[in-house]
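Biologist: Please take a close look at one part of this model, the charged side chains and how they pair. Set out the cut-offs as you go.

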Amino acid sequence: MSSPEPTTRPPLILCAEDQEDLRADICDELRESGYAVLEAADGDATLQQLDACTPDLILCDINMPGLNGYAVLDAVRERRPHLADTPFVFLTALSDPRDVVDGKRLGADDYLVKPIDYDLLLATVAARLRQVRRMRDKSNHELQELREAMATLHHEASQQAFQAATRALDLVAPGMVLLDGEGRITFANQRAQQLTGESDVLALNATLSASGSMARRLRECITAATQASRQGEEPVFSLRLPHRPGDHGLLVLVCALGQATDAAGTEASVVALLSAPDQRPPLPRGVLASLFGLTPTETRIALALLEGLRTEEIAEQMSVSPTTVAFHLRNLFQKTDTHRQADLIALLMAGSMTAYLEGR
């Protein structure tokens, strides 16, 4: 019998089958072959499972009570973009070729006919997972090549190239302020200048400063980020400042850069990202979901991070426990290939910048 290739975690298979004995037999075969398995007894339960997790492959019966397999497949392909590359395999007692054609047109990847041949089942599952793995490996290889090319450009860029890069940074939606190890501003894009110019609280002078009750808090965030950067750490600090009467204020994310050096050769210790939520259109959830392959819950948490909310605030907003939020954060780290919250927020913001520039 075929079995999964060694990975960091066993592939997760969702088995949707209304016949309890058959579902138990299929799941037992899968577990004995080293797969993790989730079960669903009907179409509605299948969609509920898909809202809570991202399986590596879906096995789905066609004739189920309530939503049948075709309706489930349609919901997956049309309304769950994060499952676009997840293999969908029908389990069916139907032998009419027209049923196979209809399923293929809806986006099914394969068919297994009942009574189930378990050797064929395991071989089909393994083959489909290998196919997805090859696609993802190719994508990851191309992404790594892009990162290496960007790193080379970062180290070799001249002053002229840096000036060209800063002109590009003037196009992005958030304000961006780079600070050196002494807290002095080395760069501020046009959006940052515009937002601080409109604010009665925030100012750009030799450094980034605030007035009133938030002055001390901003100073503490910049100092803490600078100290963390000297130690090679990359925490993120967030605060919300008053901006205009009646609006939601100005979001400030202060991120340590781990003593990076910008393309002009100047030590860049801290980046402050400024955003006025009331002045930009909200990023559609489907954009982040499709960019990073996120579940609906992971997407909500990603958007909350972009709004500067802390774990406990996200938990309160979603009416879940902080432990649940932490679980989904681990999934976000895995899917975005990041390990620190600073990297995650930077990548999410880069994705939102891309969507903004492309008018998505």
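**Charged side chains around helix α1**

Modeller: E39 counts as partly exposed because its relative accessibility is 32% (buried is under 20% relative accessible area, exposed is over 50%, and partly exposed lies in between, with a 1.4 Å probe and protein chains only). The model is predicted, so local features need pLDDT of at least 70 and side-chain atom pairs count only at pLDDT 80 or more, while totals for chains, interfaces and linings use all residues. Residues are numbered from 1 along each chain as its sequence is written, and side-chain values use heavy atoms, with hydrogens and water left out.

E39 pairs with R23 in a salt bridge whose closest N and O atoms are 3.1 Å apart (a salt bridge needs a side-chain nitrogen of Lys or Arg within 4 Å of a carboxyl oxygen of Asp or Glu). This pair links distant parts of the chain, 16 residues apart: E39 lies in strand β2 (residues 36-40) and R23 in helix α1 (helices, H or I of at least four residues, and strands, E of at least two, are DSSP runs numbered from the N terminus). R23 counts as buried because its relative accessibility is 11%.

R31 also forms a salt bridge with E39, and here the closest N and O atoms are 3.3 Å apart. At 40% relative accessibility, R31 counts as partly exposed. Elsewhere, E17, D61 and K114 are joined into one network by salt bridges that share partners.

Within that network, the closest N and O atoms of E17 and K114 are 3.0 Å apart. Their salt bridge also links distant parts of the chain: E17 sits in the loop between β1 (12-16) and α1, K114 in the loop between β5 (110-113) and α5 (118-156), and 97 residues separate them. Both E17 and K114 are buried. In total, the structure holds nine salt bridges.

Some acidic side chains form a surface feature instead. E20, D21, D25, D28 and E32 make up a negative surface patch (patch residues have over 30% relative accessible area and no salt bridge, and like charges are joined within 9 Å; Asp and Glu count as negative). D25 belongs to helix α1, residues 20-32. Its relative accessible area is 41%, which means that D25 is partly exposed.

Conventions: Patch = residues over 30% accessible without salt bridge, like charges linked within 9 Å, V, L, I, M, F, W, Y side chains within 5 Å. Areas by Shrake-Rupley, 256 points an atom, 1.4 Å probe, with all protein chains shown as cover. Charge placed at Lys NZ, Arg CZ, Asp CG, Glu CD.
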